[in-house]
Amino acid sequence: MPKISNRAAQMPASPIRKLVPFADQAKARGTKIYHLNIGQPDIHTPQVGLDALKHLDLKVLEYSPSDGLLSLRKKFCGYYSHFGIEVAPENMVVTTGGSEALQFAFSACLNPGDEIIMTEPTYANYISFAIAAGVTVRSIRTKIEDGFALPAIDEFEALINDRTKAILICNPNNPTGYLYTDEEMYRIRDIVKKHDLFLISDEVYREFRYTGKPYLSAMNLEGIEQNVVLIDSVSKRYSECGIRIGAIVTKNTEVRASAMRYAQARLSPPLLGQIVAEASMDAPESYMKENYDEYVSRRNLLIEGLNKIPGVYSPMPNGAFYTIARLPIDDSDKFCEWLLKEFSYEGETVMFAPASGFYTHPEHGKNEVRMAYVLKKEDLSRALVVLAKALEQYPGRTE
Ligand SMILES: Cc1ncc(COP(=O)(O)O)c(C=O)c1O
């Protein structure tokens with residue numbers, strides 16, 4: 001039998017999705033599961049987006065241009081200008097989710113054998129996309145004790161060599177919820193500039209910042225305009241993960257032209273998704289504000305509740321809708337599996353993503369799990385009760 005490629009053999013299973021078969025079995029047994037494992041919000045998609053789909057009047061659902069509908073790209077540019085990001089439709093390519101934008105960015109900026117630096121714990125799919133592109137990940141560990149703040153510049157410099165081609169940041173961060181300070185962004189800018197690297201900046205959680213301060217996008221860092229490649233997505237900000245619309249945005253014309261060639265090879269981003277995304281950008285301020293307030297109160301409820309459970313610690317995240325919590329357990333993979341296979345409390349259990357999958361060295365996440373506060377407060381409260389009971393009973397408890 002022919003063998004699959006080495007790259008394919010190295011592709012890790014998603015820590016967010018790998019426990020799904022156990023969850024399905026638990027559901028088949030009648031157990032209710034609180035899904036805190038995945039960033040799938042229960043928030044409604046804006047009505048203007050849903051209406052656009054309902055009132056569609058097309059006779060042919062045709063391909064769209066490879067870089068996306070011009071009207072949508074113009075809408076994106078208008079949206080960005082609210083954040084002081086001044087770009088033109090020619091600076092972007094609409095993609096099949098931020099996921100495809102990341103794949104285009106890896107392929108356009110890095111050769112196989114090149115190295116990319118990122119902090120970890122990291123969004124696990126970055127590791128997968130790097131493997132798919134033949135790129136080596138060099139990671140800098142951020143620590144729960146420091147609230148996952150950016151480590152000293154020396155740690156970046158120590159990793160930079162002839163093969164280093166890019167730094168990847170995720171701000172606000174998935175999985176930690178960390179939001180970079182302006183000072184940290186300037187530190188990143190300085191290294192990028194000094195070593196003339198690409199800065200791939202994943203800003204899909206831009207709307208979810210809880211400090212009240214204006215957002216400093218990598219696109220607005222002076223002196224590295226040609227180095228920055230922005231990754232964006234409507235999935236989270238309009239709660240429309242299923243329409244699969246994102247974007248790669250850059251002022252670097254070579255990178256943009258290269259992304260366009262990849263885009264042409266896959267023909268077109270989803271047409272229906274583009275129509276919904278374009279309409280969603282007209283969602284009223286009240287929609288954004290209501291959801292923002294909802295996430296703030298969910299965050300406060302979850303983090304305060306976690307820190308009340310004996311042996312559990314979570315920093316207070318300033319962005320996105322995730323946190324990494326430290327639990328008094330021997331092994332987060334075993335614990336998360338046990339929650340689904342062996343445990344239930346009053347017919348219910350909880351599902352988390354074991355943090356091991358967010359590190360290049362899985363042992364670093366052994367006593368950590370990632371939680372997404374994407375469920376309504378009533379469900380989060382109940383999930384906290386179920387977690388506390390589970391920790392009382394878990395045979396691998398460490399304290
Ligand atoms: C940090 C980050 N980037 C990119 C994505 C990709 O999202 P999508 O492909 O739905 O746009 C996600 C999804 O969870 C994410 O968390």
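**View 1. Asp202 and its ligand neighbours.** Here an N or O atom in the side chain of Asp202 sits 2.6 Å from a nitrogen atom of the ligand; a polar contact is a pair of N or O atoms within 3.5 Å. The ligand exposes 400 Å² when taken alone, and the protein buries 93% of that (Shrake-Rupley areas, 1.4 Å probe). This is a predicted model, with local features needing pLDDT of at least 70, side-chain atom pairs counting only at pLDDT 80 or more, and totals for chains, interfaces and linings using all residues. Residues are numbered from 1 along each chain as its sequence is written, and side-chain values use heavy atoms, with hydrogens and water left out.

**View 2. Two oxygen contacts, from Ser99 and Tyr205.** A polar side-chain atom of Ser99 is 2.5 Å from an oxygen atom of the ligand. For Tyr205, a side-chain N or O atom lies 2.7 Å from a ligand oxygen atom.

**View 3. The shell around the ligand.** Of its 14 residues, those that come nearest include Gly98 and Ser233 (near: a heavy atom within 4 Å). Helix α5 (residues 97-109) gives the most, with 3 residues. By type, the shell has 5 nonpolar, 6 polar and 3 charged residues.

**View 4. Strand β5 and its partners.** In β5 (residues 164-170), 6 of the 7 residues are buried, meaning under 20% relative accessible area with a 1.4 Å probe, protein chains only. Strand β3 (residues 115-120) runs parallel to β5, joined by 4 bridges, and Glu115 has Thr164 as its bridge partner. Another 5 bridges join β5 to the parallel strand β6 (residues 198-202), where Ala166 is partnered by Phe198; strands pair if DSSP finds at least two bridges between them.

How values were computed: Buried < 20%, exposed > 50% of the residue type's maximum accessible area, 1.4 Å probe, protein only. Helix = DSSP H or I, 4+ residues; strand = E, 2+ residues; numbered from the N terminus. Polar contact = N/O pair within 3.5 Å; in protein donor to acceptor, adjacent residues only side chain to side chain. Nonpolar A, V, L, I, M, F, W, Y, C, P; charged D, E, K, R; others polar.
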